Amino acid sequence: MTYCLGWRTRHGVAIIADSLLSAAQPDLYQHPEITHTTFGELQGKTKSKRFSYVAEEGLKLRVGSDFIVGFAGDVGLGRRLMDQFQIEYAAGKSLRDAATAALKKIAASQSDTTVLIGGYEGKKPVLLRIDTAPRGVSYVDKLVQIGSVPAAQMGWTAHMAEKLAGMPFNNASDGGNAERLFTPMIALVQSYGVHDNLVEQGIGGAFLGAWVTPDGAQWQRDALYAVHRADVKAAEAIMCGVSVRPRFACLISNQTDVVKIITVGKDDPGTSVTAEADEVTAQFDSALFDYVISINSEKHIVTVIEMKRSRHHRLLSLRPGDTGTIGITWTEQLIAMANTVAGVPSPDGQELTLYVIPFLGISPGEQAHRDRFAHDEELARKAKAPLSHRVSPAAPENDPP
């Protein structure tokens, strides 16, 4: 199966899905020798009777100029339904009529496949659900979760969706506001595989999302994930950059020896997905992201930090490293936050906290201090005598003379 969710608010509609496909034979995949997903999940044969091999090869979302589509269930049937919907919608039908026509033209199947469609009917955000067994098309009011996700994770998602939907936003049509609403939800579902072995249920890998507002549809913004223990050390953290472009998703992680490129459709004549992916990897090597997302692997705490493609934030700084690596300088304030379950002095492992931090800039003097600190840290690392990854509390508040 898979995990796919659709979420409708007054700000727009989002659809999020994992990137894991399941099959009996590993030779169906491009890199069967890779033993871990980009987030460190063990793949290969599992204990599950339903799946014997898993791999991150599935882009389960489509994004048009003003709609988004995702699915869970049989891969072939899900993709045929998405293809047919796009044909019907391009012919001028409404979202609902295009979904109904697509279902009618696909042969009846016993496969339990569900397709989610997000878009607008007039000025109203709409989330549609197409089911193949039983066959039907229906509207979704707020949140729908499909696939083989366990009940606990479904409960966390529903609770957080309700909390996030109540966040104040000044302008519902502002794409930036929608971005700050939906990005934390992508980070939340990504954290599930860190704390629970969901691969045996056919769920895992990188979660990818897209949203649609009155301004149109777009993929999620570029994010750098840092999965770490309570004592933050960059050398031990799982670092994964997730970037999505119209024709592919690019996953760069210190858990794999290759840059994973998950493509959608076929290359256009005269163009190359690989060339576009090279641009994304260059951006990774420059340590430029829209968000940094911290996931604590010991306590279930997710911290989403808006970076706006700056290397410096009041809570942390990024620095380019050797090819395929990025350095993070953490502040004491961020480390404390990333280890604190809100309102629970002694968490029992069942508690979950999600922090969302807007972009907070720092002065040129503070940037220079952190750059010097990072330089000294890098020298110590190369000398095999690493310093703390924490910023000195004596950092200057004002610019140097």
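How many residues does the hairpin that joins β15 to β16 pass through? The answer is six, and we will come back to that corner of the protein shortly. Keep in mind as you look around that this is a predicted model.

Let's start with the overall picture. The protein has seven helices and 22 strands. Of its 401 residues, 53% count as buried. The accessible surface comes to about 17700 Å², and carbon and sulfur atoms account for 51% of that area. Among contacts with a separation of 6 or more, 64% are between residues 24 or more positions apart.

Now to the sheet that holds our hairpin. In general, the strands of a sheet pair through backbone hydrogen bonds, either parallel or antiparallel. Here you can trace an open sheet of seven strands in the order β16-β15-β14-β13-β17-β18-β22, and its pairing is mixed. At the edges stand β16 and β22 (353-357), each with a single partner strand, so each has one side left without a neighbour in the sheet. On average, neighbouring strands of this sheet are turned by 15° against each other, direction ignored.

Walk inward from the β16 edge. Strand β16 covers residues 260-263, and strand β15 covers residues 248-253. These two strands pair in the antiparallel sense over four bridges, and Leu251 stands opposite Lys260 in β16. The two faces of β16 are easy to tell apart: Lys260 and Ile262 make up the covered face, while Ile261 and Thr263 make up the uncovered one. So Lys260 is worth a click, since this residue belongs to the covered face of β16. One step further in is strand β14 (residues 238-245), which pairs with β15 in the antiparallel sense over six bridges. In this pairing, Val244 stands opposite Ala249 in β15. Helix α5 (residues 273-285) packs on the sheet, where it touches β13 (223-228), β14, β15 and β16. The direction of α5 makes about 40° with that of β15.

Next, turn to a pair of helices. Helix α1 spans residues 75-90 and helix α2 spans residues 95-105. Their axes come within 8 Å and cross at roughly 130°, which means that α1 is oblique to α2. The crossing is right-handed. On the α1 side, the contact is made by Leu81, Gln84, Phe85, Glu88 and Tyr89. The α2 side contributes Leu95, Ala98, Ala99, Ala101, Ala102, Leu103 and Lys105.

Which residues of α2 are buried? They are Leu95, Ala98, Ala99, Ala101, Ala102 and Leu103. Helix α1 is part of what covers them, and the cover also includes β7 (114-121), β8 (124-132) and β9 (135-139).

Finally, have a look at Cys4, which lies in strand β1 (residues 3-9). Is Cys4 buried or exposed? Cys4 is buried, because its relative accessible area is 0%. Leaving aside neighbours within four places in sequence, Cys4 is in contact with Ile15, Ile16, Ala17, Gly70, Phe71, Ala72, Leu116, Val144, Gln145 and Ile146. Cys4 and Ile203 are 199 residues apart in sequence, and in space they are 9.6 Å apart, C-alpha to C-alpha.

Methods: Residues numbered from 1 in each chain as written. Predicted model: local features only at pLDDT ≥ 70, side-chain atom pairs only at ≥ 80, totals over all residues. Heavy atoms only, no water. Buried < 20%, exposed > 50% of the residue type's maximum accessible area, 1.4 Å probe, protein only. Contact = heavy atoms within 4.5 Å. Areas by Shrake-Rupley, 256 points an atom, 1.4 Å probe, with all protein chains shown as cover. Pairing = 2+ DSSP bridges. Axes fitted to C-alpha atoms, helices over the stretch in contact; angles between N-to-C directions. Parallel < 35°, antiparallel > 145°, perpendicular 65-115°, else oblique. Left-handed = near helix turned anticlockwise from the far one by under 90°.
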